[in-house]
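Visitor: I would like a close look at a single part of this structure, taken slowly and with its surroundings explained. Please start from one helix and work outward from there.

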Amino acid sequence: MRDSIHVDFKQLEYTLSVVGKCTDDYVYILDFKKDYYSISETAVDAFRISESSFYNATEVLKDVMYPEDYPKVVADLTAIQKRERDTHNMEYRWLDKYGDPVWISCRGHVILDENGNALYLVGRISELAKRNKIDNVTSLYNINILEQRYEEIVSRQNIEGYMMVIGIDNFKEINEKYGHDFGDRILANLADIVRRCAVDGEAIYRMEGDCIAIFHYGNIREDKAKELYKKIRSAIDESIEENGYRMFHTVSAGAVYFSSKEMEFGKLIDQLGFALHNAKLKGKNTFVLYDQEEYERYIRRLDIQECLRRAIEDDFKGFELYYQPIMDMRCNQIHGAEALIRWNSEKYGFMSPMEFIPLLEESSLIIPLGRWILETALRQCQQWQEQIPNFCMNINLSFVQLQKSNMIADAIECMNKLGMTSDNIVFEVTESGEIETSQATQNVLKEFKDRSICLAIDDFGTGYSNLRYIKEKMFDLVKIDRLFIQNIMQNEYDYMLVKHVTELAHSMNLMVCYEGVETEEELESVKRLCPDYIQGYYYGRPMNAAAFTKQFLQGNC
Ligand code: C2E
Ligand code: CA
Ligand code: CA
């Protein structure tokens, strides 16, 4: 239906002012002939205009519009005046009271006079941020719009392209240290830089937190995303230099190349998040391309972690302690056992502790399981001590238990409950850098010593183990890793190393245990170095309690 003038302007203006009071939007009327504009009074508080109605509209509105957007708005209104179209429907920026751009959506419908000429434009303006579309810090569309755009495009055609997400490194610290306004400025600056660098038709969006996404489709080379990342990085470096290093920061990026046939939006975002996470893990300030195999491994790890959590909740279902004999070389008799955890998962079957222990550590699930291991091993030890009074039980401790739980209190409480002392209990600790770097861990180890609870340094010779631990007698027992024991026969250096470490430990009154002796030849050659204890497949593999009892205790009844 054509709207033509049977409408009295004053009446119309009044009606619109009433409607304006009933909505968050701003309702307006533009009289083309008189160049007169009237808008809801609330707009005066929100934007850079001093009155809600004014003549000379074309000039006055120029002042409230973001300069870059002004020409395209004028072009659209001119087209309406020329009767090339009836409606105005655009998204552009107005300036707020402080001169900052605010994204608005402006829609209007033309009213004609009896000769069919454009008389008025009547419509509404709404702030996109209010409708959750635009982020006011960066003036970029948000992720909801990216999703809409992606769905819209892939519903029409199969596309290929990439999505890249760029995140500011250590943004949380930047905000904490310099305040949120400063953080916002860095983010806005990044958005400007990305806008300037993305000149090939890439679309840019604000993601959650400190991230900006770039969406580019079409016939795109594989290295396009990385190239753009590099360009953005050097533009950031330049801007940091221009700012006299006041806004120093780095950015990391993750990118995914997709083909829309098989790619749902949610999945794409998950993969992007994973690639960015990896970039941060790789030391930040870098670009990582999504790798499907890596992602599958990551998902598997998450799934195993979930199975572990459920098994622990379900009364430690599927967990069992195995025991491996430790022989006393001085009397060639059984000295004790090392408790080693086993897990038979309903979904994954038997899994090596080398695979699931890091997952337990990552999620801190090692703490509840560690308590169960402690109690189970202590009970077992108590039972075997009935036959061999000095039977010794070695229990492994993870650094997570040392750092995050009250390990010593737990151990003492458990021993009290069972009516045991800590004699003949050895806690094994593997050094993975934590002893050196964490004062808290060093304090816990010192408390073990102060309470005369026996400590062993595990896998000595690998990783971070330090001769200082021997020199300063932080441990009572040194367990030398299988890696060295294995090589002793072929490698003179390893032979000398094991020999000297053993002599050094003995000179400090520490005990020495060799791990992983598998064959008779190995046994013969290591024996000459006079270890106190030997543990290895030669004497027995880790086995369940029943098998261990049968093999090592029944003769002692
Ligand atoms: P670890 O503490 O060094 O335990 C010794 C590992 O060496 C065991 O592997 C054992 O089966 C293996 N081993 C012993 N003798 C030989 C040998 O002669 N030849 C060979 N090839 N291997 C030998 P397992 O049971 O697979 O445990 C692997 C690691 O998982 C352990 O290394 C330990 O770091 C961790 N772990 C096992 N149980 C526990 C536990 O209850 N708590 C904690 N925190 N960690 C545990
Ligand atoms: Ca161990
Ligand atoms: Ca070991």
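**Helix H19 and the calcium pair**

Guide: On one side of helix H19, Glu 492, Tyr 493 and Ser 507 are exposed. The model is a predicted one, and the description that follows should be read with that in mind. H19 runs over residues 492–507, and its 16 residues, at 1.5 Å a residue, should span 22 Å, which agrees with the 22 Å between its end C-alpha atoms. On the other side from those exposed positions, the buried residues of H19 are Asp 494, Tyr 495, Val 498, Val 501, Thr 502 and Ala 505. Seen down the helix axis, these buried residues fall within an arc of 140°, so they line one face of H19. The elements that cover the buried residues include the strands E19, E20 (477–480) and E21, together with helices H17 (467–471) and H18 (482–487).

Two of those covering strands lead on to a metal site. Strand E19 (residues 454–460) holds Asp 458, strand E21 (residues 511–515) holds Glu 515, and the pair, 57 residues apart, links distant parts of the chain. Both of these residues are buried, and for Asp 458 the relative accessible area is 5%. The calcium ion (ligand 3) is coordinated by OD atoms of Asp 458 and Asp 459 and by two OE donors of Glu 515, at 2.0 to 2.6 Å. Along the chain, the donors of this calcium ion (ligand 3) follow the spacing D-D-x55-E.

Asp 458 also serves a second ion, since it bridges the calcium ion (ligand 3) and the calcium ion (ligand 2), which lie 3.9 Å apart. The protein donors of the calcium ion (ligand 2) are Glu 338 (OE), Asn 396 (OD1), Glu 428 (OE) and Asp 458 (OD), and they lie 2.1 to 2.3 Å from the ion. In sequence these donor residues are spaced E-x57-N-x31-E-x29-D. Glu 428 lies in strand E18 (residues 425–430) and Asp 458 in strand E19, so this pair ties together parts that are 30 residues apart in sequence. With a relative accessibility of 1%, Glu 428 counts as buried.

From Glu 428 one may turn to Phe 427, which is among the residues that touch the most other members of the largest nonpolar core, a set of 81 residues; Phe 319, Met 393, Phe 448 and Phe 548 are the others named with it. The largest share of this core, nine residues, comes from helix H12 (residues 366–385). Leaving aside its neighbours within four places in sequence, Phe 427 is in contact with residues including Leu 374, Ile 395, Met 415, Phe 448, Ile 453, Cys 454 and Ala 456. In soluble globular proteins, nonpolar side chains tend to be buried together.

Ser 422 is found in the loop between helix H14 (407–418) and strand E18, and at 17% relative accessibility Ser 422 counts as buried, the limit being under 20%. Beyond its neighbours within four places in sequence, Ser 422 is in contact with Met 415, Ser 452 and Ile 453.

To place this in the whole, the protein is divided into domain 1 (3–130), domain 2 (141–290) and domain 3 (311–556). The C-alpha centres of domain 2 and domain 3 lie 47 Å apart.

Note on methods. Residues numbered from 1 in each chain as written. Chains lettered and ligands numbered in written order. Predicted model: local features only at pLDDT ≥ 70, side-chain atom pairs only at ≥ 80, totals over all residues. Heavy atoms only, no water. Domains from an automatic or database assignment. Core = buried A, V, L, I, M, F, W, Y, C linked by side-chain atoms within 4.5 Å. Buried < 20%, exposed > 50% of the residue type's maximum accessible area, 1.4 Å probe, protein only. Helix = DSSP H or I, 4+ residues; strand = E, 2+ residues; numbered from the N terminus. Contact = heavy atoms within 4.5 Å. Donors = N, O, S within 2.8 Å, 3.2 Å for Na, K, Ca; no water. Expected span 1.5 Å × (residues − 1). Arc of directions from axis to C-beta.
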